[in-house]
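Biologist: Got a minute? I'd like to go through this one and hear the reasoning behind the labels.

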Amino acid sequence: MGNSLNLDYFLARGLAAQNYFLTHILVWNMVIQLIVVGCLFILARLAAEAVRPWLRRLLARHPLVEHALPKLTKLIPTKLLTPIFAVVFLWVALSTASHWHRPNHGIRIFLSLILAWVIIRLLTSQMKNRALARLVSIIIWSIAALDILHVLIPVLTLLNGIDLSVGTVRLTALSLIQGGIILVVLFWVARKISVFFQHWIQTVEHVTPSVQVLLHKLLSILLFTLVISGVLYYLGINLTALAVFSGGIGLGIGFGLQKVFSNLISGLIILADKSIKPGDVIQLGDTYGRINHLGGRYISVVTRDAKEYLIPNEDLITNQVVNWSYSNNLLRLKIPIGIGYSSNIQHAMELMREAAAEAPRVLDDPQPACLITGFGENAINLELRVWIPDPQNGIASVKSEVLLGVWKRFQVHGIDLPFPQRVLHHKSLPELEVAVRTRGRAAGLNPEAEPAPPL
């Protein structure tokens, strides 16, 4: 029978576990270590209480940190400050005990557990994917368990022995796992640096929004390129050979992704020449709205109907774009109005200027102006011209307010608003001779009778 069914085998394993428990756990050294750990926890709590107000004031003076790490800035002062101090104090105690060759197995256990918990909270607090957060927790707890059982080094040695050779590059299971962990951590750090830089550049004066977006995009590309290059260098992959290999592949992929790369280059050109920036009001064909976001491949335009259009960057380069707020936010509106021929033109023009001046969004300087544009079939054509400072808030509401004010004043002062009229000229028809002939026999009359006189 195998060992799985051998009673002596289970007895031997049980005796070994009992011996370990008696020799390592139920001993005075372990009691002393537990007392030391308890005292260090109390000391860590006192240190956290003393440092917490200062840390909160420091974070309050640097709001950029809160924008980049919103959850960590709330989590560390409230829940993680005491465990972090405990990790520091336990590490000092472990180093001291190792230096003086004192028993430290209990301190090592608590240090591994608390350190694993702190790392899990730091990493998973920034993860929106809960499945990924659980996977990270399982991996970290497994590493902590292996370290407590003193089998972490043998497991790492085993993983290092599983290798795969690709040319002159030797990849092991351990190096791939380490490379994956380093890649995830560096990507997280690069992303937080990018977010921090984005919020910081927005606070810098004399930097236009388009330049802010351009600098943020360039820094993001640089950071992520450095991350990938660093991980490949750590794995021992020759970057020169990779550049030659990727050049050949990139030539083939470039034809298939021609539109994508065209939009990316167009986006960089738009950001560099500052022709379009977030907040501008543009019109492209029938699409009119405010630019909400400048992306690497497209821009987001939000209309007054709350519809969001994603317009490729290439269309902004190749097509005609009306930027209503390119150099300034001033915009002149032309409102056509017609009056009857019997109305007083000068009085009507004065009433139109008064109605425009009372509209809240119409500027007093430049002043509203009114012009005669022609004499139509039914009306005298006038045009009211007004200036507004905020075209991003829409123009239909301004026209509605002005026209409503004009209507009220025309009603009070008797100014006619014409409607289509048509004049019909009647011309007399020529005389027609109408002869009436009837059959005498049917009518009982003389068939030789004279015809009726003409009408």
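**Bridges and burial, label by label**

Biologist: Before we start, what kind of model is this?

Modeller: A predicted one. Keep that in mind as we go.

Biologist: Fine. What makes Arg52 and Glu49 a salt bridge?

Modeller: The cut-off is 4 Å between a side-chain nitrogen of Lys or Arg and a carboxyl oxygen of Asp or Glu. For Arg52 and Glu49 the N to O distance is 3.0 Å, so the pair is within the limit and counts.

Biologist: And where do Arg52 and Glu49 sit?

Modeller: Both are in helix α2, residues 28-61. They are three residues apart, which is about one turn of the helix.

Biologist: Why is Arg52 called buried?

Modeller: Buried means under 20% relative accessible area. Arg52 comes out at 10%, so buried is the label.

Biologist: Then what about its partner, Glu49: why is that one called partly exposed?

Modeller: Partly exposed covers what lies between buried, under 20%, and exposed, over 50%. Glu49 has 43%, so it goes in that middle class.

Biologist: How do you know that Glu358 and Arg409 form a salt bridge?

Modeller: Their closest N and O atoms are 2.8 Å apart. The limit is 4 Å, so that pair passes.

Biologist: What does the pair of Glu358 and Arg409 tie together?

Modeller: Glu358 lies in helix α13 (residues 345-358) and Arg409 in helix α14 (residues 396-413), so the pair ties together parts that are 51 residues apart in sequence. There's a network here too: Glu354, Glu358 and Arg409 are linked by salt bridges.

Biologist: Is Glu358 buried or exposed?

Modeller: Exposed: its relative accessibility is 58%, and the label needs over 50%. Arg409, at 16%, is buried.

Biologist: What makes Arg361 and Asp390 a salt bridge?

Modeller: Same test: their closest N and O atoms are 3.2 Å apart, and the limit is 4 Å. This pair links distant parts of the chain, 29 residues apart. Arg361 is in the loop between α13 and β9, and Asp390 in the loop between β10 and α14.

Biologist: Why are Arg361 and Asp390 called buried?

Modeller: The label needs a value under 20%. Arg361 has 18% and Asp390 has 15%, so both get it.

Biologist: How many salt bridges are there in the whole structure?

Modeller: Six.

Biologist: And how many disulfides?

Modeller: Zero. A pair of cysteine sulfur atoms would have to be within 2.5 Å to count. As for individual cysteines, Cys39 is partly exposed at 45%, while Cys370 is buried at 6%.

Definitions and conventions
Residues are numbered from 1 along each chain as its sequence is written. This is a predicted model: local features need pLDDT of at least 70, side-chain atom pairs count only at pLDDT 80 or more; totals for chains, interfaces and linings use all residues. Side-chain values use heavy atoms; hydrogens and water are left out. Buried means under 20% relative accessible area, exposed over 50%, partly exposed in between (1.4 Å probe, protein chains only). Helices (H or I, at least four residues) and strands (E, at least two) are DSSP runs, numbered from the N terminus.
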